[in-house]
Amino acid sequence: MRECERTSTAPEGLFQVSPMAAAQDSNEISYLLPPNRKDWEEKGVPNFVYRQKELLEGIQWPRTAPSLLDRTPRSRFDSALCAAWRQRMELGLFRYRLGELQTQTLPGVVGFVAQLNVERGVQRRRPQNIWSVRQAFDPEQFNFNKIRPGEVLFRLLREPDLPGALQQEDILVMINVSPLEWGHVLLVPEPTQGLPQRLLPAALRAGVEAVLLSSHPGFRVGFNSLGGLASVNHLHLHGYYLAHRLPVEGAPSEPLDPGGRLHLLQALPAPGFLFYTSGPGPDLEALIGRVCRATDYLTDHEIAHNLFVTRGAPPGKTSPSSALTGIRVILWARKSSFGVKEGEAFNVALCELAGHLPIKTSQDFDSLTEAAALALIRDCLLPPAQAEEVQAALVALIAQDEQ
């Protein structure tokens with residue numbers, strides 16, 4: 001397993017695979033596009049097939065500088081994604097070339113990680129005309145069947161571990177052409193199915209297992225519902241690398257049901273519902289079922305939501321320094337917001353609720369305070385009475401597991 005090398009174009013603490021390393025590894029080279037663009041479509045989409053033994057547990061942050069991540073071996077998944085993503089950046093398939101992003105931790109108790117990303121604020125595709133959390137897929141609007149050749153990196157496939165077991169659904173891993181950070185990709189279940197932006201178990205399983213396939217503690221996956229700032233009504237999740245710890249990794253929580261299946265994440269920046277699994281196995285399958293029952297309830301009741309998957313500490317009275325012993329899935333119910341609000345420092349979606357703030361302008365980046373960031377986030381949350389109603393409904397849903 002090769003170590004990835006950071007170049008001058010990569011943000012601090014993240015990594016790239018050198019061309020020489022890629023050329024020496026046939027597995028990596030298969031995810032690269034041929035030199036002649038006319039051959040891209042003929043090449044087809046390569047498969048990245050993984051087994052359960054590749055799902056990694058016990059990945060931790062370095063005890064010293066985050067830049068030490070560059071010197072640690074990358075997983076096969078990381079190597080394939082980084083080599084292919086880096087090549088697409090060099091080929092100009094993105095809307096802008098992502099350089100090193102100015103990053104700061106806002107003073108205060110939360111530990112917001114703010115990043116200046118002017119190009120994303122200016123050049124990203126305008127959101128679709130969305131008016132309902134339950135809106136049907138519209139093939140006439142932009143969708144992932146209309147992307148350019150070369151934007152798909154590979155097909156993510158889980159190899160059945162038992163004879164006769166069903167293979168997991170195909171998930172296409174493609175670049176986000178307006179990246180938040182290095183390695184920003186989309187996980188898209190077979191696009192030709194025309195699925196609306198409503199979370200399904202197969203998509204969530206792929207997202208959680210993508211986090212487990214990475215040896216980088218800062219690889220996260222998330223989902224925005226319609227009304228939760230999803231800009232495309234075609235089922236997809238986001239995945240990206242961020243070489244900074246976030247407050248939700250170790251924030252304290254309290255159990256909401258006797259079985260400890262659902263917890264309330266109490267800490268700032270926003271209260272959310274916490275689901276936790278220690279790793280692969282039956283407990284992970286049960287978690288996927290619980291999360292999707294919760295998001296189905298929210299969708300059916302026209303309640304927008306955001307979801308974030310990260311390595312994290314077990315529920316309870318944990319702290320930011322706690323070990324990342326498992327996977328945290330955090331779900332936020334929020335007010336619906338259709339379209340992008342102009343003039344604000346950031347728009348509130350999955351990464352902002354987790355404590356990562358992509359800022360649109362230099363002025364806001366220089367002047368933003370923790371109090372101002374919290375005010376923007378609180379403005380997007382449900383009013384207390386509705387939040388309590390949602391909490392009671394989800395607790396009742398989880399209680400059905402015990403019957």
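The following legends describe close-up views of a predicted model.

**View 1. Confidence across the predicted model.** The mean pLDDT of the protein is 88, and 86% of the residues score at least 70. Residues 1-28 form a stretch in which pLDDT stays under 50. For residues 1-28 the model nevertheless has 81 contacts beyond four places in sequence. Where pLDDT is low, the predicted coordinates should not be read in detail.

**View 2. The open sheet of 11 strands.** The strands follow the order E1-E4-E5-E6-E8-E7-E12-E13-E11-E10-E9, and their pairing is mixed. Strand E1 (47-50) and strand E9 (253-255) form the edges, each pairing on one side only. From one strand to the next, the twist averages 25°.

**View 3. Pairing of strands E5 and E6 within the sheet of 11 strands.** Strand E5 covers residues 171-175 and strand E6 covers residues 185-189. The two strands are antiparallel and are joined over 5 bridges. Met 174 has Leu 186, in E6, as its bridge partner.

**View 4. Helix H11 against the sheet strands.** Helix H11 (residues 384-399) lies across three elements: strand E10 (263-265), strand E11 (272-277) and strand E13 (326-334). The helix runs at about 25° to E11. In the strand order of the open sheet of 11 strands, this part reads E13-E11-E10.

**View 5. The open sheet of 3 strands.** The order of this sheet is E2-E3-E14, with mixed pairing. Its edge strands, each paired on one side only, are strand E2 (103-105) and strand E14 (356-359). The twist from one strand to the next averages 20°.

**View 6. Pairing of strands E2 and E3.** Strand E3 comprises residues 113-116 and runs antiparallel to E2. The two strands are joined by 3 bridges. Within this pairing, Gln 104 stands opposite Ala 114 in E3.

**View 7. The second largest cavity and its lining.** The structure holds 2 cavities of 30 Å³ or more. The second largest cavity, shown here, has a volume of about 40 Å³. Its lining consists of Gln 128, Gln 135, Ala 136, Phe 137, Asp 138, Gln 141, Phe 142 and Asn 233. By class, 3 of the lining residues are nonpolar, 4 are polar and 1 is charged.

Terms used: Residues numbered from 1 in each chain as written. Predicted model: local features only at pLDDT ≥ 70, side-chain atom pairs only at ≥ 80, totals over all residues. Heavy atoms only, no water. Pairing = 2+ DSSP bridges. Helix = DSSP H or I, 4+ residues; strand = E, 2+ residues; numbered from the N terminus. Axes fitted to C-alpha atoms, helices over the stretch in contact; angles between N-to-C directions. Contact = heavy atoms within 4.5 Å. 1 Å grid on protein atoms, 1.4 Å probe; cavity = no way out; pocket = protein on both sides within 12 Å on 5 of 7 lines; lining within 4 Å. Points joined across faces, edges and corners; volume = space filled by probe spheres on them. Nonpolar A, V, L, I, M, F, W, Y, C, P; charged D, E, K, R; others polar. pLDDT = per-residue confidence, 0-100.
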